[in-house]
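Got the viewer open? Keep the selection box handy and follow along, one stop at a time.

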Amino acid sequence: MSQQYDYLFKYISVGDSGVGKSCLLLRFTNQEYTATETTIGIEFGSSIVDLRNKRIKLQIWDTAGQERSYWMFIITRRESFMHVKNWLEDVMTHGHEEIKIILVANKSDLDSVRQVSTEEGADFAKKHNMIYLETSARQGQNVDQAFTKLAENIFDTFNLSRN
Ligand code: GDP
Ligand code: MG
């Protein structure tokens with residue numbers, strides 16, 4: 001298989017340890033879910049997607065348990081949602097101004113023990129100009145969409161179809 005691509009997009013996942021960053025990455029790149037008790041120490045993954053007649057390589061860096069690591073919280077732990085604010089401030093201070101962000105709310109399969117409502121997550125994302133999606137790495141729900149939606153957003157923002 002050819003590894004050629006037209007564009008390379010780099011993603012960084014950021015979120016509390018345990019929210020499912022590694023599981024989401026594995027689900028996206030390997031189409032599999034690995035259930036464990038502890039957090040998985042995966043650091044890097046990549047996949048090529050076809051978008052608007054271009055081949056885009058998505059390179060995803062997982063910060064593996066550090067405080068910064070796409071933007072993610074779990075609907076079942078309110079604290080992990082509150083922390084999103086801190087990282088956002090961090091990235092706005094130190095990051096590139098044209099950075100594109102998706103806010104991913106993972107573990108949507110655990111809806112019955114949810115601590116953050118869809119409205120609240122979506123409102124917060126809207127206020128900070130982020131895309132919002134609720135995912136389940138476990139059930140494979142919205143995982144491909146989360147990675148692809150961000151790629152579409154980058155693609156369209158920088159008008160890459162012209163090239
Ligand atoms: P990370 O620290 O953010 O990388 O988190 P991990 O990907 O290692 O996942 C932490 C824990 O959450 C593991 O026990 C996973 O099995 C579990 N987990 C991850 N995604 C989901 C999900 O969508 N639903 C459920 N129920 N559990 C999940
Ligand atoms: Mg991890």
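Which residues are exposed on the other side of helix 2? Before you hunt for them, bear in mind that this is a predicted model. Now select residues 78-94, which make up helix 2, and pick out Glu-79, Met-82, Lys-85, Asn-86, Glu-89 and Thr-93: those are the exposed ones.

Stay on helix 2 and recolour Ser-80, Phe-81, Val-84 and Trp-87, which are buried. These four sit on the same side of the helix, because the arc they cover around the axis is only 100 degrees. While you are there, try a distance from the first C-alpha to the last: helix 2 has 17 residues and reaches 26 Å, close to the 24 Å expected at 1.5 Å a residue.

Zoom out for a moment. The protein has 4 helices and 6 strands, and going from the N terminus the elements run β-α-β-β-β-α-β-α-β-α. Colour by burial and you will find that 35% of the 163 residues are buried.

Next, some strands. Select residues 54-62, strand 3, together with residues 7-15, strand 1: the two run parallel and are joined by 7 bridges. To see how they line up, show Tyr-7 and look across to Ile-56 in strand 3, which stands opposite.

Now add strand 2, residues 44-51. Strand 2 runs antiparallel to strand 3, with 8 bridges joining them. Click Gly-45 and find its bridge partner in strand 3, Ile-60. Then follow the chain round the hairpin of strand 2 and strand 3, where 2 residues lie between the strands. Stop at Arg-52 in that hairpin: its phi is positive, near 45 degrees.

Helix 1 is the next selection, residues 21-30. How many of its 10 residues are buried? The count is 8, so to speak a mostly covered helix. Among the buried ones are Lys-21 and Arg-27, along with Cys-23, Leu-25 and Phe-28. Step just past the end of helix 1 to Gln-31 and check its backbone: here phi is positive again, at about 55 degrees.

Keep going into the loop between helix 1 and strand 2, and select Thr-34. Is Thr-34 buried or partly exposed? Thr-34 counts as partly exposed, because it has 13 C-beta neighbours inside 10 Å, where a buried residue needs 20 or more. Draw a line from Thr-34 back to Leu-24: the two are 10 residues apart in sequence, and their C-alpha atoms are 9.7 Å apart.

Now jump along the chain to residues 102-106, strand 5, and residues 131-134, strand 6. They run parallel, with 4 bridges between them, and Ile-102 stands opposite Ile-131. Turn on helix 3 as well, residues 118-127: strand 5, helix 3 and strand 6 together make a right-handed β-α-β unit.

For the last stop, select Ala-146 in helix 4, which spans residues 143-157. Why does Ala-146 count as buried? Because 26 C-beta neighbours lie inside 10 Å of it, and 20 is enough for that label. Leaving aside residues up to four places away in sequence, Ala-146 touches Ile-102, Val-104, Leu-133 and Thr-135. Ile-102 should look familiar, as the residue standing opposite Ile-131 in strand 6. Finish with one more distance, from Ala-146 to Thr-135: 11 residues apart in sequence, 7.7 Å apart in space, C-alpha to C-alpha.

Conventions. Residues are numbered from 1 along each chain as its sequence is written. Chains are lettered from A and ligands numbered from 1 in the order in which they are written. This is a predicted model: local features need pLDDT of at least 70, side-chain atom pairs count only at pLDDT 80 or more; totals for chains, interfaces and linings use all residues. A residue is buried if 20 or more other C-beta atoms lie within 10 Å of its own, exposed if 12 or fewer, and partly exposed in between; C-beta atoms are placed from the backbone. Two strands pair if DSSP finds at least two bridges between them. A crossover is right-handed if, with the strands pointing away from the viewer, the path from the first strand over the helix to the second runs clockwise. Two residues are in contact if their C-beta atoms, placed from the backbone, lie within 7 Å. The expected span of a helix is 1.5 Å times one less than its number of residues. The arc is that of the directions from the helix axis to the C-beta atoms.
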